[in-house]
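Welcome, and take a moment to look over the model below before reading on. We will start with one idea about contacts and then walk through the fold part by part.

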Amino acid sequence: GPSHRQGSPPAVDMDETQGSMTPRSMTRLESFRLQQAQQAGASGTSEQNGIPALPSPTPMAVPALSLRELSASLPSGGMTPRASFTDRPLSTRRLKKDVLCGDSEQQEASNAAGHVTLIDKEGTPRSVRVVQQEAREDFNMVSIKWFWTLDERTHQIELRHGRKSGIRKVYIDKQLVERVKSLSDKIIDRGSRHTFQVAGRSAEVRIVSGRSAGFKYYLEIDGEPIEREIGIQAPGLSIEVGTHFVVPLASQGVGYGMTLANCGMRKDGVVIIELEPGMPAHQSGLLVGDVILSIDDVSVVDTNVILDKLVPQQQSVQLEVAGSSPSRLLTVANPFHPENGSLELADTACGIGVYVKLVEQPPAERQIGRLELGDTILSVDGAVTESAKETIKYLKKGPPSLTFVVAGRAV
């Protein structure tokens with residue numbers, strides 16, 4: 001079934017960590033700390049060490065570690081009680097669930113569209129729609145075109161790739177700007193990168209060789225991949241996973257009560273694989289499968305970094321966690337059991353959890369909770385989702401009802 005992420009170094013139990021940390025000022029946390037200061041002023045609390053004191057978290061019953069027992073103890077809807085200061089996403093980190101990609105073996109699926117945020121001539125960020133078209137010219141040549149309009153001008157990038165001959169041709173607004181042909185690509189085509197300028201913007205086209213004879217094609221503009229449209233309609237959901245801040249209230253020598261492992265699908269971030277009931281991490285609303293991306297705005301690369309940064313201490317730290325708001329527990333009738341609807345999952349482009357690609361809801365009388373198209377699943381029945389394939393394998397053999405940890409939506 002879905003397994004705990006593996007990595008080197010091994011998982012770290014934060015109860016065993018000792019040390020101290022010097023407070024530092026982080027620009028990305030300014031608005032978050034201002035929010036804390038306002039709440040602290042309203043409750044009559046004071047500042048220590050230059051960081052506003054935090055209000056006491058909302059009292060909550062501490063259930064057993066079992067996800068099933070935890071789910072049963074929560075209010076209707078499966079939402080975990082949390083302090084109010086964790087409710088607002090403030091980070092600008094972009095974590096995409098899916099990106100636009102051409103596939104030489106799947107022409108129909110390659111004709112799609114997506115969005116990218118670009119700065120217009122007035123300096124305003126704009127969500128720009130990018131249309132992708134693929135055509136197979138013959139047994140050798142594949143053409144991939146991308147179109148978008150900004151500042152009342154339409155631009156086009158075309159890549160023509162010879163899958164057998166190894167040739168590459170790149171056209172900008174129908175003008176040939178690059179032609180590459182090499183013997184090595186003809187013998188073994190391992191893919192390539194092509195960078196250029198489009199109306200003063202940097203752009204890069206990537207050719208990625210697949211395991212068989214197929215190739216995948218990606219476009220980035222100003223360093224941003226194109227977010228693929230996947231038909232999300234549920235309120236608060238988008239193509240981005242998003243992030244939010246959590247503040248575990250630890251005191252000297254107590255620890256946080258969580259076990260962490262490297263996030264195997266990402267270059268950065270660590271994933272929570274175990275929680276101890278009643279400890280600060282659990283009290284702050286963190287759940288199994290949550291991915292910690294940074295601490296006081298310092299990126300968490302792996303468990304070695306977190307040993308130095310997240311340590312038992314009296315002053316609080318701000319953890320940036322994946323999800324636009326705190327994750328929630330959701331009990332759902334197993335979609336792989338008869339008459340329970342259906343479910344299709346896909347790996348996220350950002351490597352955090354797996355996302356719901358297609359879902360058919362069961363009849364009303366069989367519904368417990370409800371997954372929506374675009375939901376990001378972080379763990380199932382207490383095990384971290386390693387991949388869509390492994391998660392579905394577990395679901396097919398799983399019990400009649402399942403407990404998911406789902407990344408929080410925008411609030």
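A polar contact is a pair of N or O atoms within 3.5 Å; within protein, one of the two must be able to donate a hydrogen and the other to accept it, and residues adjacent in sequence count only if both atoms are side-chain atoms. Keep that in mind as we go, and keep in mind too that this is a predicted model.

Let us begin with the whole protein. It has seven helices and 27 strands. Of its 411 residues, 53% are buried. Among the contacts with a separation of 6 or more, 63% are between residues 24 or more positions apart. The accessible surface comes to about 18,800 Å², and carbon and sulfur atoms account for 49% of that surface.

Now zoom in on a single residue, Asp189. You will find Asp189 in the loop between α4 (183-187) and β11. Is Asp189 buried or exposed? With a relative accessible area of 9%, Asp189 is buried, because buried means under 20%. Its side chain has polar partners there: a polar contact of 3.0 Å joins it to the side chain of His161, and another, of 2.7 Å, joins it to the side chain of Arg168. If residues up to four places away in sequence are set aside, Asp189 touches His161, Gly162, Gly166, Arg168, Ser184, Ser209 and Phe215.

From that loop, step into strand β11, which covers residues 191-198. This strand has two faces. Ser192, His194, Phe196 and Val198 make up the covered face, while Gly191, Arg193, Thr195 and Gln197 make up the uncovered one. Beside β11 you can trace strand β12 (residues 201-209), and the two pair in the antiparallel sense over eight bridges. Within this pairing, Ser192 stands opposite Ile207 in β12. Two residues lie between the strands of the hairpin, where Ala199 takes a positive phi near 50°.

The same hairpin brings us to salt bridges. Where does the side chain of Arg193 find a partner? It meets the side chain of Glu204 in a salt bridge of 2.8 Å, N to O. Arg193 belongs to strand β11 and Glu204 to strand β12, eleven residues apart. The two ends of this bridge have their own surroundings: Arg193 is exposed, with a relative accessible area of 56%, whereas Glu204 is buried, at 14%.

In total, the structure holds 15 salt bridges. Another one joins Lys96 and Glu224, whose closest N and O atoms are 2.7 Å apart. This pair links distant parts of the chain, with Lys96 in the loop between α2 (67-73) and β4 (102-103) and Glu224 in strand β14 (residues 224-225), 128 residues apart. Lys96 is buried, with a relative accessible area of 6%, and Glu224 is partly exposed, with 21%. Glu227 joins in as well: Lys96, Glu224 and Glu227 are linked in a network of salt bridges.

One more pair is worth finding. Arg163 forms a salt bridge with Glu105, with the closest N and O atoms 3.6 Å apart. Arg163 is in the loop between β8 (153-162) and β9 (168-172), and Glu105 is in the loop between β4 and α3 (107-110), so this bridge ties together parts that are 58 residues apart in sequence. Arg163 is buried, with a relative accessible area of 14%, while Glu105, at 45% relative accessibility, counts as partly exposed.

Finally, let us turn to the nonpolar side chains. In soluble globular proteins, nonpolar side chains tend to be buried together. Here the largest nonpolar core has 34 residues, and Met258, Leu286, Ile292 and Ile352 touch the most other members. Strands β17 (258-262), β18 (270-275), β19 (291-295) and β21 (319-322) each supply at least two residues of this core, and β18 gives the largest share, five residues. Look at Leu286 for a closer view: leaving aside neighbours within four places in sequence, Leu286 is in contact with Val246, Met258, Ile272, Leu275, Ala281, Leu319 and Val321. There is also a second, separate core of 25 residues, and its members include Ile144, Trp146, Phe196 and Tyr217. Phe196 takes us back to strand β11, where Phe196 is part of the covered face.

Key: Residues are numbered from 1 along each chain as its sequence is written. This is a predicted model: local features need pLDDT of at least 70, side-chain atom pairs count only at pLDDT 80 or more; totals for chains, interfaces and linings use all residues. Side-chain values use heavy atoms; hydrogens and water are left out. Buried means under 20% relative accessible area, exposed over 50%, partly exposed in between (1.4 Å probe, protein chains only). Helices (H or I, at least four residues) and strands (E, at least two) are DSSP runs, numbered from the N terminus. Two strands pair if DSSP finds at least two bridges between them. Contact means heavy atoms within 4.5 Å. A nonpolar core is a set of buried Ala, Val, Leu, Ile, Met, Phe, Trp, Tyr and Cys residues joined through side-chain atoms within 4.5 Å. A salt bridge is a side-chain nitrogen of Lys or Arg within 4 Å of a carboxyl oxygen of Asp or Glu. Accessible areas come from the Shrake-Rupley method with a 1.4 Å probe; for residues, only the protein chains shown count as cover.
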